[in-house]
Amino acid sequence: MDDNMLLNLALDAGEIMLAAGAETHRVEDTMERILSVGGNNLPEAIAFSNILIVSIHSPFSGPLTATRKAPARSNDFAKICRVNELSRRFTTGQIPIEEAYQELYTIYNEPLFSGFWNIISYSVVAGTFTLMLKGTWGDGVSAVLTGLLLGFFMRFLAKKNVPYFLRSLFGGGYAAFFAVICYIIGLGDQYSLIIVGSIMTLLPGVTLTNAIRDIMESNFLSGTSKILEAILIATSIAGGVGIVLSCYQGISLLLGGM
């Protein structure tokens, strides 16, 4: 088996899993399992927040090491499961390395979700959380509309390749703006609950969970970086909401004093 092909296959699998939101130890375990197919080659795999490093000892070429920068992360557990299943079939000899390459290529190019379901999920989550927080039916309807508009807006920002932290900032402000509009026109009773329900889809819950799991697995560097990422995202969302609410309160005080 070609050692370079094996290294690239492990990197491909690790890249897909890391980009899909997998934990660091899961990514490393999968890459090491793939590398071990080459025999007694002392496989080593290291995954950081956006860097992958794999190494084997080739009897012909000596130690071989390859690195790769992983793309921005999202959450797609279906891809993680598919890569895991593929790695099991490859390590047990059920498929050759060429077929594994083709399957990984297919998995890599699969879209996360269709645009329609992505946007619908924003509205459903927003309305559901608002009602769970004991909002009125008017608040729930307002949250559904706000979440729907937020879904369109976030998809637009993603297509324009706006940096992730700026997307969180703009998304929080966008949700707060339309929540206040719904409150002003009388569609909702508590704009605070509408805002909270609408921004639930923006919160970095999976990132924070993976950070804690990485730290429990002694991957302190990756865990700490993910915690910092979660804090920055949450701060961006809060900043966007805070800017809009500050403007609203300022305008209200100005008009009330006239």
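# Exercises on a predicted model

Val141, Leu145, Phe177, Ile181, Tyr183, Ile184, Ile185 and Leu187 make up a nonpolar surface patch, whose accessible area together is about 690 Å². The model is a predicted one, and the exercises below begin with this patch.

## Exercise 1. The nonpolar patch

Determine which helices each supply at least two residues of the nonpolar patch, and classify isoleucine 181 as buried, partly exposed or exposed.

**Solution.**

Step 1. The helices in question are H6, spanning 137–159, and H7, spanning 164–184.

Step 2. H7 gives the largest share of the patch, namely four residues.

Step 3. Isoleucine 181 has its place in helix H7. Residues between the limits of 20% and 50% relative accessible area are termed partly exposed. The relative accessibility of isoleucine 181 is 33%, so this residue counts as partly exposed.

## Exercise 2. The crossing of H7 and H8

Describe how the axes of H7 and helix H8 cross, and state which residues make the contact.

**Solution.**

Step 1. Helix H8 covers residues 191–198, and its axis comes within 9 Å of the axis of H7. The two axes cross at roughly 145°.

Step 2. The handedness of this crossing of H7 and H8 is right-handed.

Step 3. On the H7 side, the contact is made by Ala175, Ala176, Ala179, Val180 and Tyr183. On the H8 side, Tyr191, Ile194, Ile195 and Ser198 take part.

Step 4. Tyr183 of H7 thus belongs to this contact and is also listed in the nonpolar patch.

## Exercise 3. Salt bridges

State how many salt bridges a search of the whole structure finds. Then examine the pairs arginine 213 with glutamate 23, glutamate 85 with arginine 89, and lysine 226 with aspartate 214.

**Solution.**

Step 1. Side chains of opposite charge can pair when their charged atoms come close. The search of the whole structure yields eight salt bridges.

Step 2. In the salt bridge between arginine 213 and glutamate 23, the closest N and O atoms are 2.7 Å apart. Arginine 213 is in helix H9 (residues 205–216), whereas glutamate 23 is in the loop between helix H1 (3–19) and helix H2 (24–35), so the pair ties together parts 190 residues apart in sequence. Arginine 213 is partly exposed at 37% relative accessibility, while glutamate 23, at 5%, is buried.

Step 3. Glutamate 85 and arginine 89 also form a salt bridge, with 2.7 Å between the closest N and O atoms. Both residues lie in helix H3 (residues 77–91), and because they are four residues apart, about one helical turn separates them. Glutamate 85 is partly exposed, with a relative accessible area of 38%, and arginine 89 is buried at 17%.

Step 4. For lysine 226 and aspartate 214, the closest N and O atoms are again 2.7 Å apart. Lysine 226 is in helix H10 (residues 220–256) and aspartate 214 is in helix H9, so this pair ties together parts twelve residues apart in sequence. Lysine 226 is buried at 2% relative accessibility, and aspartate 214 is buried at 0%.

Step 5. Asp12, Glu15 and Arg68 are joined into one network by salt bridges that share partners.

## Exercise 4. Positive phi values

Give the phi values of asparagine 161 and serine 218, and locate each residue.

**Solution.**

Step 1. Asparagine 161 has a phi near 55°, which is positive although the residue is not glycine. This asparagine is in the loop between H6 and H7, and its relative accessible area of 67% makes it exposed.

Step 2. Serine 218 likewise has a positive phi, near 70°, and is a residue other than glycine. Its place is the loop between H9 and H10.

## Exercise 5. Surroundings of two residues

Find where serine 123 and proline 71 lie, and name residues that each touches beyond four places away in sequence.

**Solution.**

Step 1. Serine 123 belongs to helix H5 (residues 115–132). At 6% relative accessibility, serine 123 is buried.

Step 2. Serine 123 touches Val144, Gly147 and Leu148, leaving aside residues up to four places away in sequence. From serine 123 to tyrosine 183, the C-alpha distance is 17 Å, and 60 residues separate the two in sequence.

Step 3. Proline 71 is in the loop between strand E3 (62–69) and H3, and is partly exposed at 33% relative accessible area.

Step 4. With residues up to four places away in sequence left aside, proline 71 touches Glu15 and Ala19. The C-alpha atoms of proline 71 and asparagine 50 are 6.9 Å apart, with these positions 21 residues apart along the chain.

Note on methods: Residues are numbered from 1 along each chain as its sequence is written. This is a predicted model: local features need pLDDT of at least 70, side-chain atom pairs count only at pLDDT 80 or more; totals for chains, interfaces and linings use all residues. Side-chain values use heavy atoms; hydrogens and water are left out. Patches are made of residues with over 30% relative accessible area and no salt bridge: like charges are joined within 9 Å, nonpolar side chains (Val, Leu, Ile, Met, Phe, Trp, Tyr) within 5 Å. Accessible areas come from the Shrake-Rupley method with a 1.4 Å probe; for residues, only the protein chains shown count as cover. A salt bridge is a side-chain nitrogen of Lys or Arg within 4 Å of a carboxyl oxygen of Asp or Glu. Buried means under 20% relative accessible area, exposed over 50%, partly exposed in between (1.4 Å probe, protein chains only). Axes are lines fitted to C-alpha atoms, for helices over the stretch in contact, and angles run from 0 to 180 degrees between N-to-C directions. A crossing is left-handed if the near helix is turned anticlockwise from the far one by less than a right angle, and right-handed if clockwise. Contact means heavy atoms within 4.5 Å.
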